[in-house]
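Dear colleague,

Please find below the structure that I am handing over to you, followed by an account of what was found in it. I should be grateful if you would read the notes with the coordinates open.

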Amino acid sequence: MRPTESEFLVIGSGIAGLLAAIKLAPMGRVNIVTKKLRSESNTNYAQGGIAVALDPGDSPELHIQDTLKAGSGLCHPDVVNFVVGNGKARLEELIAMGVAFTGDETGSGPRLALGREGGHSAKRIVHAMDYTGREIETVLLERAKSLTNIAFFENHIGVDLILESKRRGERLKPDRCWGAYVMDAVARTIDPFTAKATVVATGGTGKVYLYTSNPDIATGDGLAMAYRAGARVGNLEFVQFHPTCLYHPLAKSFLVSEAVRGEGAVLRTLDGERFMPRYHPEAELAPRDVVARAVDFEMKRRGDKFVFLDLSPIGKARIKRRFPSIYARCLDLGIDITKQAIPVVPAAHYMCGGVVTDRDARTSIDGLLCAGEVALTGLHGANRLASNSLLEAVVYAHVAAAAASRVAGAHGVRIPPIEPWHDEGTAEPAEGVVFDHDWDEVRSLMWDYVGIVRSDDRLTTARRRIGLLREQIDAYYRRYRLNADLIELRNIALVADLIVRCALTRRESRGLHYNIDCPGTDDVNWRRDTLI
Ligand SMILES: Cc1cc2nc3c(=O)[nH]c(=O)nc-3n(C[C@H](O)[C@H](O)[C@H](O)COP(=O)(O)OP(=O)(O)OC[C@H]3O[C@@H](n4cnc5c(N)ncnc54)[C@H](O)[C@@H]3O)c2cc1C
């Protein structure tokens with residue numbers, strides 16, 4: 001077998017990709033391609049935790065109800081039952097692998113300490129202090145590294161999926177995926193990474209917006225690749241904006257976890273007024289979309305650039321003990337959060353829509369599975385309940401591995417000969433500044449016109465301008481030899497276009513999608529997914 005050929009190709013090394021790879025390793029060789037260093041992922045930055053009903057006063061039924069309520073009528077109830085029902089088993093698996101979640105410091109009640117987050121009717125957030133994602137990512141990386149059947153390809157970017165229809169030069173329904181064309185970002189060579197089954201676990205799309213809590217990898221590549229390959233995608237209008245990202249010129253995408261509000265922190269305008277009780281009976285613990293819209297509204301009404309998150313109700317000792325990373329990061333920037341309020345703004349945080357998958361993580365293309373934030377499983381509906389995404393990722397990585405091994409093990413599956421990547425006739429880009437400019441333009445357009453509050457006019461303008469930008473970017477793509485910037489630019493422009501198309505299609509407001517020209521919820525016509 002050539003190094004670029006394997007039973008299984010996994011694209012992405014966050015929680016979903018690593019867990020799927022670890023589970024696939026006993027079944028055959030697994031290649032993991034990941035576009036930067038292997039730990040660079042949204043997973044690595046997750047602070048809050050993973051939602052599992054463990055408290056004696058809690059139950060899976062309550063967790064299901066909270067998830068359905070947050071999802072505003074669009075969750076698929078069977079999927080919610082399935083994910084919540086599998087949460088405890090998957091959590092125990094993570095613990096068995098060595099993930100050290102924080103224990104209950106009172107010594108009574110449940111063994112694990114449980115945090116509270118907005119929209120949850122009980123304390124149910126299992127966490128590792130305020131660096132849950134990093135703890136999970138570290139343990140999974142160690143485990144994956146120890147398995148001889150897993151090979152890592154860092155600084156390797158998936159460009160496009162390899163399709164049977166392209167190979168044969170004819171339309172196929174369903175099509176079949178045989179891996180992906182992958183660019184070595186250092187050598188700038190593109191090779192086919194072939195596999196009997198491909199798991200796309202490329203995470204979210206935060207970088208489509210100017211302000212985001214997501215790291216640089218979150219450019220929606222997997223979503224864009226799957227869409228170009230003909231897979232069904234949907235619900236992309238449901239972008240979750242986190243209400244509290246640190247506002248500081250030197251802090252790029254630093255999130256202040258919802259758990260901080262769960263512990264008692266309150267939001268205030270710059271003149272000290274606590275405003276959330278005016279917007280929702282649960283004040284700071286209202287669902288995220290309500291808090292994000294309230295912060296956005298207060299900032300616009302007063303012409304302020306941020307609001308304050310005041311942690312004084314938590315108490316100095318507990319702040320340092322419960323939120324060591326947030327305390328340290330803010331202190332680095334000159335803000336002592338035991339004495340000063342934190343300046344915060346809302347920022348794009350989580351994509352509820354994605355590539356449509358079934359209960360086995362299968363897409364509409366044979367041999368192609370998706371897990372984690374890239375997928376639209378039906379769990380989140382119109383709004384994700386906090387800490388349900390790590391849960392969804394572990395549950396679906398598990399089923400994706402099972403489904404991938406069935407695909408690869410099916411009788412007679414052999415990878416056919418695949419054409420090399422052709423880039424004859426392309427030239428080196430003359431200057432990178434044009435890519436930079438388009439990159440900034442897409443992200444600013446999305447922030448200004450397709451943000452927390454939308455209107456028909458702004459969406460239509462965004463559609464037209466993004467269309468023009470895409471024409472230009474497609475021309476670069478045909479003309480220039482590819483590099484990482486151009487691959488990502490092409491993807492964020494496509495994802496932006498798909499978000500706008502979904503937002504224009506939905507003629508109502510629901511969950512995370514709020515359009516002032518159709519502010520009501522229309523259950524008769526729109527209690528359904530937006531599918532493209
Ligand atoms: C700051 C922050 C805090 C969060 N807190 C929580 C929380 O407390 N609880 C919770 O449930 N959720 C939380 N979330 C959301 C959650 O972290 C993510 O939804 C989840 O980690 C996604 O996991 P994933 O494996 O799908 O993707 P990621 O962890 O994002 O991994 C994606 C991987 O794909 C790679 N990749 C992307 N494109 C390509 C390409 N073209 N080629 C090769 N590789 C590629 C990336 O490099 C990366 O390795 C948070 C998110 C952020 C940003």
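The protein chain has a radius of gyration of 22 Å, which agrees with the value near 24 Å that a compact globule of 532 residues would have. Please bear in mind throughout that this is a predicted model. Along the principal axes, the C-alpha atoms fill a box of roughly 65 × 50 × 50 Å. Buried residues account for 59% of the 532 residues, and the chain exposes about 20,600 Å², of which carbon and sulfur atoms supply 51%. Of the contacts between residues at least 6 apart in sequence, 73% join residues at least 24 apart. The secondary structure comprises 15 helices and 17 strands.

Arg 176 and its surroundings

Arg 176 sits in the loop between helix H5 (164-168) and strand E8 (177-184). What does a buried arginine do here without a salt bridge? The nearest side chain of opposite charge, that of Asp 366, is 5.8 Å away. A salt bridge requires the nitrogen and the carboxyl oxygen to lie within 4 Å, so a separation of 5.8 Å does not qualify. The side chain of Arg 176 instead reaches the backbone oxygen of Lys 196 at 3.0 Å. Beyond its neighbours within four places in sequence, Arg 176 is in contact with Ile 162, Leu 163, Glu 164, Lys 196, Ile 365, Asp 366, Gly 367, Val 407 and Val 413. The list thus includes both Asp 366 and Lys 196.

The loop between H5 and E8 also holds Pro 174. The peptide bond that joins Lys 173 to Pro 174 is cis, with omega at about 0 degrees. By way of background, most peptide bonds are trans.

Salt bridges

Side chains of opposite charge can pair when their charged atoms come close. How many salt bridges does the model contain? The count comes to 44.

One of them pairs Glu 154 with Arg 38, with the closest N and O atoms 2.9 Å apart. This pair links distant parts of the chain, 116 residues apart: Glu 154 belongs to the loop between strand E6 (150-153) and strand E7 (156-163), and Arg 38 to the loop between strand E2 (30-33) and strand E3 (50-51). Glu 154 is partly exposed, at 26% relative accessibility, and Arg 38 is also partly exposed, at 22%.

Another salt bridge is formed by Asp 310 and Arg 268, where the closest N and O atoms are again 2.9 Å apart. Asp 310 lies in strand E13 (residues 307-310) and Arg 268 in strand E12 (residues 266-268), so the pair ties together parts that are 42 residues apart in sequence. Asp 310 counts as buried because its relative accessibility is 13%, whereas Arg 268, at 25%, counts as partly exposed.

Asp 360 and Arg 362 form a salt bridge as well, at 3.8 Å from N to O. Asp 360 is partly exposed, with 25% relative accessibility, and Arg 362 is partly exposed with 41%. In addition, salt bridges that share partners join Glu 237, Arg 506, Glu 508, Arg 510 and Asp 523 into one network.

Positive phi at two asparagines

Most residues other than glycine have a negative phi. Asn 155 has a positive phi, near 50 degrees, and Asn 235 has one of about 55 degrees. Are these two residues buried or exposed, or do they fall in between? Asn 155, in the loop between E6 and E7, is partly exposed because its relative accessible area is 27%. Asn 235, in the loop between strand E10 (233-234) and strand E11 (239-246), counts as buried, at 1% relative accessibility.

Arg 318

Arg 318 is placed in helix H9 (residues 316-322) and is partly exposed, with a relative accessible area of 25%. Setting aside its neighbours within four places in sequence, Arg 318 is in contact with Glu 105, Glu 263 and Phe 323. Arg 318 and Glu 263 are 55 residues apart in sequence, and their C-alpha atoms are 9.3 Å apart in space.

With kind regards

Note on methods: Residues numbered from 1 in each chain as written. Predicted model: local features only at pLDDT ≥ 70, side-chain atom pairs only at ≥ 80, totals over all residues. Heavy atoms only, no water. Helix = DSSP H or I, 4+ residues; strand = E, 2+ residues; numbered from the N terminus. Buried < 20%, exposed > 50% of the residue type's maximum accessible area, 1.4 Å probe, protein only. Lys, Arg positive; Asp, Glu negative; His and termini not counted. Polar contact = N/O pair within 3.5 Å; in protein donor to acceptor, adjacent residues only side chain to side chain. Contact = heavy atoms within 4.5 Å. Rg over C-alpha atoms; globule rule 2.2 N^0.38 Å. Areas by Shrake-Rupley, 256 points an atom, 1.4 Å probe, with all protein chains shown as cover.
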